[in-house]
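Visitor: Could you take me closely through one part of this model, the open sheet and what packs on it, and then follow the thread outward to the neighbouring loops and to the other chain? I would like the residues named wherever that is possible.

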Number of protein chains: 2
Amino acid sequence: MVTIYDIAAKAGVSAMTVSRVINNTGKISDTTRAKVRRVMEELNYVPNHMARSLVLQQSNLLFLLITDITNPFYTTLARGAEDAAKKHGYRLLFGNSDENVEKEKDYVDTILATRADGVLVAPAGDPSLPHLETLRKHQVPFVLLDREVPGMDSDIVLGDSKEGARKLVDHLTSQGHRRIALINGSPYISSARLRLEGYKEALKLNDLAYDESYVLETAFEPRSDLSEIESWLDRMDPLPTAIVAGNNVLAVEVIRTLHGRGIRVPEQMSLVCFDDLGPYSEIDPFLTVIAQQAYQFGYLGMQMLVERIQERGESGLPWKKIVLPADMIVRRSVAALPLRK
Amino acid sequence: MVTIYDIAAKAGVSAMTVSRVINNTGKISDTTRAKVRRVMEELNYVPNHMARSLVLQQSNLLFLLITDITNPFYTTLARGAEDAAKKHGYRLLFGNSDENVEKEKDYVDTILATRADGVLVAPAGDPSLPHLETLRKHQVPFVLLDREVPGMDSDIVLGDSKEGARKLVDHLTSQGHRRIALINGSPYISSARLRLEGYKEALKLNDLAYDESYVLETAFEPRSDLSEIESWLDRMDPLPTAIVAGNNVLAVEVIRTLHGRGIRVPEQMSLVCFDDLGPYSEIDPFLTVIAQQAYQFGYLGMQMLVERIQERGESGLPWKKIVLPADMIVRRSVAALPLRK
DNA sequence: AAATATAATGTTACCGATAACCTTAAATTA
DNA sequence: TAATTTAAGGTTATCGGTAACATTATATTT
């Protein structure tokens, strides 16, 4: 590896002069600058980021931790974060925790070890608390995305999950549905809890009874094993006429399972969910969804993060919380039921 | 930031002893080890990865550079790479170049600067050559994914693009199609070139004339502006009865454009493409595709990369090339045409 | 002409860790 | 008992940069 000392020797100057040329600091004669530049090109010099960060005590690196890299919600969010980071001159790297608290911990270690200047975290869930505490303890600025973690105050960008769930249920009841089931993520994830709450509230407001057997709490990330959904469907008697899915992944798995049983959507079962399916929903605009503004989650979150970093912990501004609206897109996955009674 | 010197002072030992405890090297008494460990926990010590890498001359970090983080092909590939990296005890970070050679250069700089131990690269295209040369010059082991770059030999994982294109065209002709158009990625991308070649060859074998106006060479990544596709459709006279799309993104854009014109797929236009739409194709198995084994691209590529790294450039084994088969999944996006003449 | 300022560069110490070598006391062997 | 191992730990130099201070020659001011 070529170092500034190699450059210095070949150019007949001191290492410090090379450093000055690289960083455009101090006073350097044009002759020397040109000479050093030439030698740098000749030897293909690349600065050693680690040595630099070590002495400067900052890395200029930012991280984005997402929980499911195959989910269009998070990849769109990533694009937003990327654009905002670039705008502010930061480098952004991604990590994928796979909704797995262990992997998340590994990434937090990597983040601390590489002395990242800040992190955007979509936490795996409530059990992420210790990781966030670690970040806080080490004074790494972070902004949470999509999910709150009880016990941890911070800047955060959220979607209006409760309102979203209410809208979905209201839409279903407006189409005549009265037996409405919910398949949701883990109760250790704040957004899942709020969606359940919104669901319950909307049922009550529509004079519908809450039936525990109509609710399945499982995982937000894709599973190859659909048996949990299968047995849930077996358990419900009578079957609901409509299902609310806590996110896009669950919606897809429900559809797969239903298709396996020859149940068609929406003819025999209506379905709505949170989060769109990415650009691919355009092929066949089918699912009625709460289309969260994924790109904004990333973009606004990154903006808050950069502000925090640049403020350098001096002022201790209060934590900011952005709640993005839950907009419903009505498409074709809900059947209108004949009014009964 | 807590350092080993803080630990050492508080534990009443030397920094070297702390280092030994951390790395489980040398001989340390149980008493001392326990004492050091306790202090480390008390002070929430996290090793400084940069200082460590600086002296060890290796970072234990691997990178994966993809060109479109919103494309399920690449995210699935990323999952494969991740799993393989984890299996070998490496940390993996992601970068997204957005099919943009400039951004790709930034990432290459980051990679060099952080002294990554190796990189998995899906290159943006032929103009990526200088970046790869930079990596080579700095002796960073890398494995190419999905695309060849003329002028650069290396380990590589490819799909059988030519064969894939032939299969798609053959399938279309077998259904009676004789006017078959192609929308493809940039000719500066090897896979796009091979797909065009396969398309031409298959036309010839089927006794169909090659008509230049039936081919549109554009970009593989999503564009908000569909006017290029619009004017291509305007230009073709008569319209083709079927379109081959060079990847999933293009297929989606074609569908959007066609829908905008009230042209239905497959009733009025048949459509096939490379790469599946991720889990979401399961909702409505619609598009007939060449389903490349995205996960294997990442998994096998990572395996080759790790082998290269561990071999440490000593033996200079010949470059390895893995060509994954092009398997077609026939679904419903192709209409059977009545036989004419 | 002497005093002072300034441009251009060099020297030294340090960031946080580890390798390589060194020291010391206790344990083992001859 | 003297000689030799061994266990347990310390010292020093180094990785590749940069901040802070020092130096030198030239230019400017009085």
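Guide: In this predicted model, helix H8 of chain A, residues 161–174, lies across strands E6, E8, E9 (270–274), E10 (288–290) and E12 of chain A, and its direction runs at about 165° to that of E9(A). A second helix of the chain, H10(A), residues 227–235, also packs on the sheet, where it touches E6, E7 and E8 of chain A and makes an angle of about 160° with E7(A).

The sheet under these helices is open and has six strands, in the order E7-E6-E8-E9-E10-E12 of chain A, with mixed pairing. Its edges are E7(A), residues 215–217, and E12(A), residues 328–329, each of which pairs on one side only. Within the sheet, E6(A), residues 180–184, and E8(A), residues 242–245, pair in the parallel sense over four bridges, and Ala181(A) stands opposite Ile243(A) of E8(A).

From E10(A) the path leads to a loop, for Gln292(A) is placed between E10 and helix H12 (294–311) of chain A. Gln292(A) counts as buried because its relative accessible area is 10%, which falls under the cut-off of 20%. Leaving aside neighbours within four places in sequence, the residues in contact with Gln292(A) are Phe73(A), Asp146(A), Gly159(A), Arg195(A), Asp275(A) and Phe297(A).

A second loop residue of chain A can be described in the same terms. Glu99(A) sits in the loop between strand E2 (91–96) and helix H6 (101–113) of chain A. With a relative accessible area of 15%, Glu99(A) is under the 20% cut-off and is therefore buried. Beyond residues up to four places away in sequence, Glu99(A) touches Thr67(A), Ala124(A), Arg147(A), Ile189(A), Phe220(A) and Glu221(A). With Arg147(A) there is also a polar contact, side chain to side chain, at 2.9 Å. Gly260(A), by comparison, is 161 residues from Glu99(A) in sequence and 27 Å away in space, taken from C-alpha to C-alpha.

Chain A has further strand pairing, centred here on strand E3(A), residues 118–121. Strand E1(A), residues 61–66, is joined to E3(A) by four bridges, and the two run parallel; Phe63(A) has Val119(A) as its bridge partner in E3(A). E3(A) also pairs in the parallel sense with strand E4(A), residues 142–145, over three bridges, and there Val119(A) stands opposite Phe142(A). In a regular strand the side chains alternate between the two faces of the sheet. In E3(A), Gly118(A) and Leu120(A) point one way while Val119(A) and Val121(A) point the other way, and all of them are buried.

Turning to chain B, there is again an open sheet of six strands with mixed pairing, in the order E7-E6-E8-E9-E10-E12. The edge strands of chain B are E7(B), residues 215–217, and E12(B), residues 328–329, each pairing on one side only. Strand E10(B), residues 288–290, is joined to E12(B) by two bridges, and these strands run antiparallel; the partner of Ile290(B) in E12(B) is Met328(B).

Helices lie across this sheet too. H9(B), residues 190–205, crosses E6 (180–184), E7 and E9 (270–274) of chain B and runs at about 175° to E6(B), while H10(B), residues 227–235, lies across E6, E7 and E8 (242–245) of chain B at about 160° to E7(B). In helix H8(B), residues 161–174, one finds Ser161(B), which is buried because its relative accessible area of 4% is under 20%. Apart from residues up to four places away in sequence, Ser161(B) touches Ser191(B), Leu194(B), Arg195(B) and Phe274(B).

Finally, there is a contact between two helices of chain B. H5(B), residues 72–87, and H12(B), residues 294–311, pack at an angle of about 35°, with their axes 6 Å apart, and H5(B) passes H12(B) in a right-handed crossing. Among the residues that make this contact are Phe73(B), Leu77(B) and Ala84(B) of H5(B), and Tyr295(B), Phe297(B) and Met302(B) of H12(B). The residues of the contact divide into ten nonpolar, four polar and three charged.

Methods. Residues numbered from 1 in each chain as written. Chains lettered and ligands numbered in written order. Predicted model: local features only at pLDDT ≥ 70, side-chain atom pairs only at ≥ 80, totals over all residues. Heavy atoms only, no water. Axes fitted to C-alpha atoms, helices over the stretch in contact; angles between N-to-C directions. Left-handed = near helix turned anticlockwise from the far one by under 90°. Contact = heavy atoms within 4.5 Å. Nonpolar A, V, L, I, M, F, W, Y, C, P; charged D, E, K, R; others polar. Pairing = 2+ DSSP bridges. Buried < 20%, exposed > 50% of the residue type's maximum accessible area, 1.4 Å probe, protein only. Polar contact = N/O pair within 3.5 Å; in protein donor to acceptor, adjacent residues only side chain to side chain.
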